[in-house]
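Please read the following note with the sequence and the structure open beside you. The points begin with a pair of strands and end at the ligand.

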Amino acid sequence: MISKAGLGSRTQARSWIHAGRVKVNGKVVENPDHWIDFDRDRVLFDDKPLQVQARVYILLHKPAGYITTFKDPEKRPTVYDLIRGGINTFLSPVGRLDLDTSGLLIMTNDTQFAERLTNPDHKVAKTYRVECADILPESALDQLRQGVVLNDGPTRPAVVRRLEGAWLEIRITEGRNRQVRRMIEAVRSKVITLERTRIGRLEIGTLQPGEWRVLTPEEVREAAPTSSPIRNGTSHPAADARPRKK
Ligand code: URA
C-alpha cells in the first residue's frame with residue numbers, strides 16, 4: 001500500500017494522495033489503498049522520486065524470558081532490547097513467540113513478506129523442538145500427527161518425530177496462539193521447553209541465544225513462497241550480515 005512507503009503517517013499519506021501529490025507510473029494516484037510494487041513501479045511525490053524505506057530482514061535467536069511486543073507494562077525484557085543499536089528502523093516480529101519459547105524469530109519492516117510467511121494458506125512449515133513433561137506414547141504422537149481438537153478448532157496434520165527421551169520435533173503449518181503448548185496439553189502432557197528451529201527453509205543454525213543476523217537476499221527470496229523478486233533485501237545501511245550479540 002502506498003501509505004507503507006515511508007510517506008509519513010497513514011493519515012498524512014492519505015491527505016497527500018487526495019491532494020494529487022503522488023504519482024505512480026506517471027498517473028496521479030486517487031486511491032490511498034493503491035498497491036504498489038516497489039521493484040517495478042515508479043513512484044513520484046511532488047514530481048520527485050519517492051525515497052522508499054529500505055527493507056530489512058533479520059533472524060534473531062530469541063532467548064526464553066523475552067517478550068516479542070515493543071512495550072511491556074510489566075517491564076520485562078523485550079526482543080527490541082536485543083536489536084537496539086544495530087538497526088535504526090522499526091521492525092516487527094513475523095508471528096509471535098511466547099515469553100518462555102526460545103528460537104528463531106524473523107523481524108522485518110516488509111509487511112508483505114511477513115504476511116506470506118504467516119498466512120496459513122501458504123502452509124509455511126514452522127519446526128519446534130519440544131520437551132514434554134512425559135515420554136509420550138506412540139498413540140499420542142499419532143494423535144498429534146492426525147490433528148487434535150483445540151478450543152479454536154482442530155489442528156492440521158503435523159509432522160511429529162521422537163527425539164531423545166521426552167523431546168519431540170513437531171512441524172506445523174499454522175501459527176495459532178500457544179498452538180504447540182495446547183497440542184501437547186490435548187494429549188495430556190505439558191511443555192517444559194519449547195524452541196523454534198526453522199521457518200520454511202530458514203534455520204536457527206549456530207546463532208546463540210540473543211544473537212541475530214541479517215538475512216541474505218537469497219534467503220529472503222526463498223523464504224516466502226510466492227515472493228516476487230526482492231532486490232534490496234539487505235540494503236539498509238545499518239545492517240550487515242555478521243551475527244550480533246547485545
Ligand atoms: N507454539 C506455542 O505454543 N508457543 C510458541 O511460542 C510458538 C508456538
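1. A good place to begin is strand 12, where leucine 168 is the bridge partner of arginine 162. Four bridges join strand 11 (residues 159-162) to strand 12, and the two run antiparallel; strands here are DSSP runs of E with at least two residues, helices are runs of H or I with at least four residues, and both are numbered from the N terminus. Two strands count as paired if DSSP finds at least two bridges between them. The hairpin of strand 11 and strand 12 has four residues between the strands, and in this hairpin glycine 165 takes a positive phi near 50°.

2. Before going further, please keep in mind that this is a predicted model, in which local features need pLDDT of at least 70 and side-chain atom pairs count only at pLDDT 80 or more, while totals for chains, interfaces and linings use all residues. Residues are numbered from 1 along each chain as its sequence is written, and side-chain values use heavy atoms, with hydrogens and water left out.

3. Strand 12 (residues 167-172) also runs antiparallel to strand 8 (residues 126-132), to which six bridges join it. Threonine 127 belongs to strand 8 and stands opposite arginine 171 in strand 12. Is threonine 127 buried or exposed? Threonine 127 is buried, because its relative accessible area is 5%, and buried means under 20%, exposed over 50% and partly exposed in between, with a 1.4 Å probe and protein chains only. Between threonine 127 and leucine 104 there are 9.5 Å in space, C-alpha to C-alpha, and the two are 23 residues apart in sequence.

4. Turning to the ligand, the residues around it, each with a heavy atom within 4 Å, include Leu97, Asp98, Tyr128 and Arg181. This shell divides into four nonpolar, two polar and three charged residues. Helix 5 (residues 179-186) gives the most to the shell, with three residues. Domain 2 (57-120 + 201-245) and domain 3 (125-199) each supply at least three residues of the shell, the domain bounds coming from an automatic or database domain assignment.

5. Which polar atoms approach the ligand? A nitrogen atom of the ligand is 2.7 Å from an N or O atom in the side chain of aspartate 98. Polar backbone atoms also take part: that of arginine 181 is 3.0 Å from an oxygen atom of the ligand, and that of glutamine 179 is 3.3 Å from an oxygen atom of the ligand. The protein covers 96% of the 240 Å² of accessible area that the ligand has on its own, as computed by the Shrake-Rupley method with a 1.4 Å probe.

Note on methods
Polar contact = N/O pair within 3.5 Å; in protein donor to acceptor, adjacent residues only side chain to side chain. Nonpolar A, V, L, I, M, F, W, Y, C, P; charged D, E, K, R; others polar.
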